[in-house]
Every structure is written in C-alpha cells, then in structure tokens.
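Work through the exercises below with the coordinates open. Try each task before reading its solution.

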Amino acid sequence: MDKFNMTEDSIPNKRIFKDPVHDYVEYDPWICSFIDTPHFQRLRYVKQLGISYHVYPGASHNRFEHCLGVGHLARMMAQHLQKSQPSLGITDEHIRCVELAGLCHDLGHGPWSHVWDGHFIPKALPNHPKWSHEQASEMMFDDMVKKYRSLDISPEDVETVKALISGRKERCKLGKTMPFLFEIVANDLNGIDVDKFDYIARDCHAVGEKRNIAMTRLIHSARVIDGQICYDIKDANTVYELFYTRFSLHKNIYNHKTTRAIEYMIIDVLLIAQKHMQFAEYIDIPEKYLHLTDDLFHRINMTESEELAPARKIIHRIQTRDLYRRVDYKIMDWDDKEFCQTQITPEAIVHAAKNANLEGVEQSLVAELTVDHVIVDVSKMHYGRGVDNPIYQVKFYSKHEPNVCRRAESGDVSLLMPEKFGELLLRVYTKEERFMGLVQTAYRHVLRTLPMPGEAAEISTIVPTPPATEAPSTPMALTSALGLGVPQSRASRPFGRTPSYPDNQFTTLPPNCQSRSPTRIPSRSLKRTRETSLELDIDNPPPTRKSMRLASASASAK
C-alpha cells in the first residue's frame, strides 16, 4: 500500500493551508516534502507584484502563496478531467506531476519578480544568452531534487514536471500521449491556464479590485476534445472576462505610473550595486540564487562603501517619496511600437531641448539636462494574445455536441468588442522634477516633428543659423544626429494640419514648471508652518470663546 494513503480509522495525513482566495487548501505529505525545502520557502520573500506594494499597500502577498494556489488549482483541473472523462487514461501519478508543476512553476522568480528578469538582467548582462524566470524555475527544481535526496521522485517524473512548467509538450513522452496536460499550468496555445486563474483572483483581492471571475466554473467546464482543453460555449463570456481582467490589471495596476517610476529607481540601484556586488551572475548558480530575494534592497542600503553611496541615495529617495516623475503619456497604435522606440528616445528629447529654441524654458536647465535625466517607457497593453482577439484562439463545445469543438464567432459571444485588442502606452519620465516642464516641452516638440509611421522622411539638411541681430521667426529645424535616436525631418505638411500626435491636454505643464507634487510638502516647510503658528503676540492674545461672549453681552447692555 502506498505509504501516503490513509489506513482505516487513521488520522488524516494532509496538511491544510488557510488561503484568502481558495479558502482551505490541502496538500499530502509527498507534496509537502517539496514545500518544506529552502528552495520553495525562499518564495516567502519575493513579492508577487514586486514594486506595486509601494503603491497598493494591500499588495503584500508573495510568490509562496501564489504557488500554493496554482498547485491547488492544477490538481483540481486534472482531477476534474480524470473523473469526467475516464477514457483519457489520466492516472494519479499524472495528477501528482501536474500538481507539483503548478506548485513549483515560479521557483525561479528573482527579487521584485518581473523587474528582475524583464528589466534588470537584460541591462546587467547584455551578452548573456536570453534568460527568463521559467529557466531559473527549472534550474532551482533540478537543484532541489539533487540536494534533497529524501524527495521521492523519479528522473522521468523530474523531466515531466519541468516540461509541464514550461508548457513544452515535445520535451517528454507524456506530451505525445496527453498533450492537454501541458495546457493546465502554462498554456502557450491560448493563454487559459490555472496560473492565470490564481494570479488574477489573488491580485484583485490584494489591491481591492472587486472582480469575480468564476474560476471553479471554468475548471468544471473544461473538456478535452481532439487532444485540446475546450470550454462550454455558455462560458464564453466568462473566458472573455478573464482576458479583459488581465488587460485591466496590466494597465491600471501592474503598470501604474508610480509603480513604473519606482521600478526604474530600483533598476538604477541594482545597476550601480551590480558593479561592486556582482549578484546578476547568480542566475546560473543555484546555491547563490537561493539567497536572492527582495531583501537585496536592504542589503544594499546597509552597505557603507563610498562606491554604493549613489545607490543608497536613490533608496533614500524611494523611502522619502522623492520619486522619478512622469511628465507626459500617450496611447499609441500597436503597430507603431518599433517606430516609437526608434524615434521617441531620451536622446531625441534632449537634442530637441538643446537645439529647438523652445519658448518659455529655463536656459540654465537646458544646459544641465542630459540623456541620463530622461526615461522613455513604451509598454505593450493587450488581452494576452497581442493585437488579436484572444477568444478566437479558444475552442468551445455545446451540450448538444459535447465531443465536437469549434471556434466561436463574434456573434456567438458579443458584438461589443474592440476593433483591436492591443495598444501601446508611451510614457516619459524625468529623474529630477526640476526638469519636468523642460522635458515635456522638448518631448512634445519631438512628437510634432515626427514623420507619420511608414511615411518616408526627407533627408535632413542643416539650416543656416540666422544672424545674431535677427530673431528667428520659427524654431530652428532639428538636424540629424545619427546614432543618437534623434528623428530625421518629417515630410512637409500643409500649414494648420492637425499633428499626427496631438498634445495630451490633461498633462500640460508650463515650460518652466519645476514644482513638486501637490501631495508632497517639504518637511522644512511643515516645520516653518508649525513655528509660525506658535509665534503668538503675548500682549494681544487671540480672543477666547468666553471673552467673546462677555464682549457681546456688554455691547448688548449698552
């Protein structure tokens, strides 16, 4: 008999976790043997939403509880398919592998989750082969199994679990016979997987978004047809809502303007510290990667070396809310991504500030402005499948034909859908708020002088400088600055034509704006306010309520 099975009248041997999203979650001793390792416990110290915790105080949850939730949902999905479709031949061993893959799918996340692998590593190790946290998850899983011999798992199951984590069914034998199992944890086919079920529900709960995606309904709606997991057509709107909620979370929560500002500050801290601490190289060394968590923030701040003083200064700015500032933003067409990244750059903005004779700007600031003061952030916002409607990549069945699957048409779901399911969010930041007005003015000048995407730009020419005694009637045309990302002159347009990219009326600042956020008051100003309020005239104290009543009564008597 299996050593983990219950005997008659024995005490239940499952460990129960109280989860705020899934209520009570049970795991048997075999799964708990993986949970009770330093590799998995490390996830207690990696925030699920990274820097979002600095903006949403409730977003304090970690990868640990997310992985517990994904393992739980993975088991639910596999058990449902096993019971509802016995002909699939799903065994308890298959379910255990799927459950373990869900549990361990995020073992490789670095400090602040996606900030580490999506932003820091590409800059810190530009010559390193492309790296992702999924690769690190497999590395850490291998190291866990190798280091803790007590983990009862066969080499074949190890490879199966790693393939399930990656979603790559061609990597193991099970992928040929049961390809649908590889759609449970990481679904590259259409993006519907239990990882998404959990993080959407958990993140909404943490930040206070009152969304209610019927995850359990979708799990019980799942049915394997032609080797693929399909869903009841009655649940098509729930599937669409899942994709829409993903888009909404990315746009409003994960990519919040202040979150992104602090992320850039953290990246600057890490890049400075990396030169001296060399922790980026740990991504290939599991015994050292084991100790990389969000605690890296405090480890850097605890240093006393002069070389890390700039990093500690940025950390102090984060702690005192003296953040990088967003000066402007614009929603751009999905197809303009490459155009935006090559034409709207920090180099182009600084070039405009110094060469375009911008009106109303502080010339002293123009001289100080450098490329390092400007950040241009272009983020892709979509429903999960790029510009395409994600619902068209999901197959559905009906109760009348439960063994026939097909794609849904727009009339089968809703006619109230967008034409495009992806867009670009372009944002410009400055690292010092005294440059806010200048950077915005220069950025908007760049926008006005851009060619239309796909429009052939004229070869730029150098405009002769007017005589010193003659004031130029129009701003000086920008000359080409090859290699700096500076846009070439656009093709001429009729006078008065509406610009391709009009200014954002909701973010307009004066060109010389250097002010702080209205929610931040310098501590010195607060001190002066308190001191002023305490400066009382002893000879003429302010009237009290009693003295005012007596004075009023005396006046009435007269």
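The exercises cover salt bridges, a sheet, aromatic pairs and charges over rings.

This is a predicted model, in which local features need pLDDT of at least 70, side-chain atom pairs count only at pLDDT 80 or more, and totals for chains, interfaces and linings use all residues. Residues are numbered from 1 along each chain as its sequence is written, and side-chain values use heavy atoms, with hydrogens and water left out.

**Exercise 1. Which parts of the chain does the salt bridge between arginine 15 and aspartate 36 tie together?**

Step 1. Apply the criterion: a side-chain nitrogen of Lys or Arg within 4 Å of a carboxyl oxygen of Asp or Glu. The structure holds 30 such salt bridges.

Step 2. Check the pair. Arginine 15 and aspartate 36 meet at 2.7 Å, N to O.

Step 3. Place both ends. Helices (H or I, at least four residues) and strands (E, at least two) are DSSP runs, numbered from the N terminus. Arginine 15 is in strand S1 (residues 15–19), and aspartate 36 is in the loop between helix H1 (29–35) and helix H2 (38–41), so the contact ties together parts 21 residues apart in sequence.

Step 4. Classify accessibility. Buried means under 20% relative accessible area, exposed over 50%, and partly exposed in between (1.4 Å probe, protein chains only). Arginine 15, at 35%, is partly exposed. Aspartate 36, at 43%, is also partly exposed.

**Exercise 2. Are arginine 260 and aspartate 377 buried or exposed? Ask the same of aspartate 328 and arginine 444.**

Step 1. Start with arginine 260 and aspartate 377. Their closest N and O atoms are 2.7 Å apart, in a salt bridge. Arginine 260 belongs to helix H12 (residues 257–277) and aspartate 377 to strand S6 (residues 374–382), so parts 117 residues apart in sequence are tied together. Both residues are buried.

Step 2. Widen the view. Arg260 and Asp377 join Glu263 and Arg427 in a network of salt bridges.

Step 3. Turn to aspartate 328 and arginine 444. This salt bridge has its closest N and O atoms 2.7 Å apart. It links strand S5 (residues 325–333) to helix H20 (residues 436–448), with the two residues 116 apart. Both are buried.

**Exercise 3. Which strands stand at the edges of the sheet S3-S4-S7-S8?**

Step 1. Read the order. Four strands form this open sheet, and the pairing is mixed. Two strands pair if DSSP finds at least two bridges between them.

Step 2. Find the edges. Strand S3 (223–225) and strand S8 (401–407) each have a single partner strand, so one side of each has no neighbour in the sheet.

Step 3. Inspect one pairing. Strand S7 (residues 395–398) and S8 run antiparallel, joined by three bridges. Phenylalanine 396 has arginine 406 in S8 as its bridge partner.

**Exercise 4. How is the aromatic pair of phenylalanine 34 and phenylalanine 141 arranged?**

Step 1. Set the cut-offs. Rings of Phe, Tyr and Trp (its six-membered ring) pair if their centres lie within 6.5 Å; planes under 30 degrees apart are stacked, over 60 edge-to-face, the rest tilted. The structure holds 14 aromatic pairs.

Step 2. Apply them. The two phenylalanines lie 6.3 Å centre to centre with 15 degrees between the planes, hence stacked.

Step 3. Locate them. Phenylalanine 34 is in helix H1 and phenylalanine 141 in helix H6 (residues 133–147), 107 residues apart. Both are buried.

**Exercise 5. Where does arginine 44 lie relative to phenylalanine 64?**

Step 1. Use the test: NZ of Lys or CZ of Arg within 6 Å of the ring centre and within 35 degrees of the ring normal.

Step 2. Arginine 44 lies over the face of phenylalanine 64, 3.9 Å from the ring centre.
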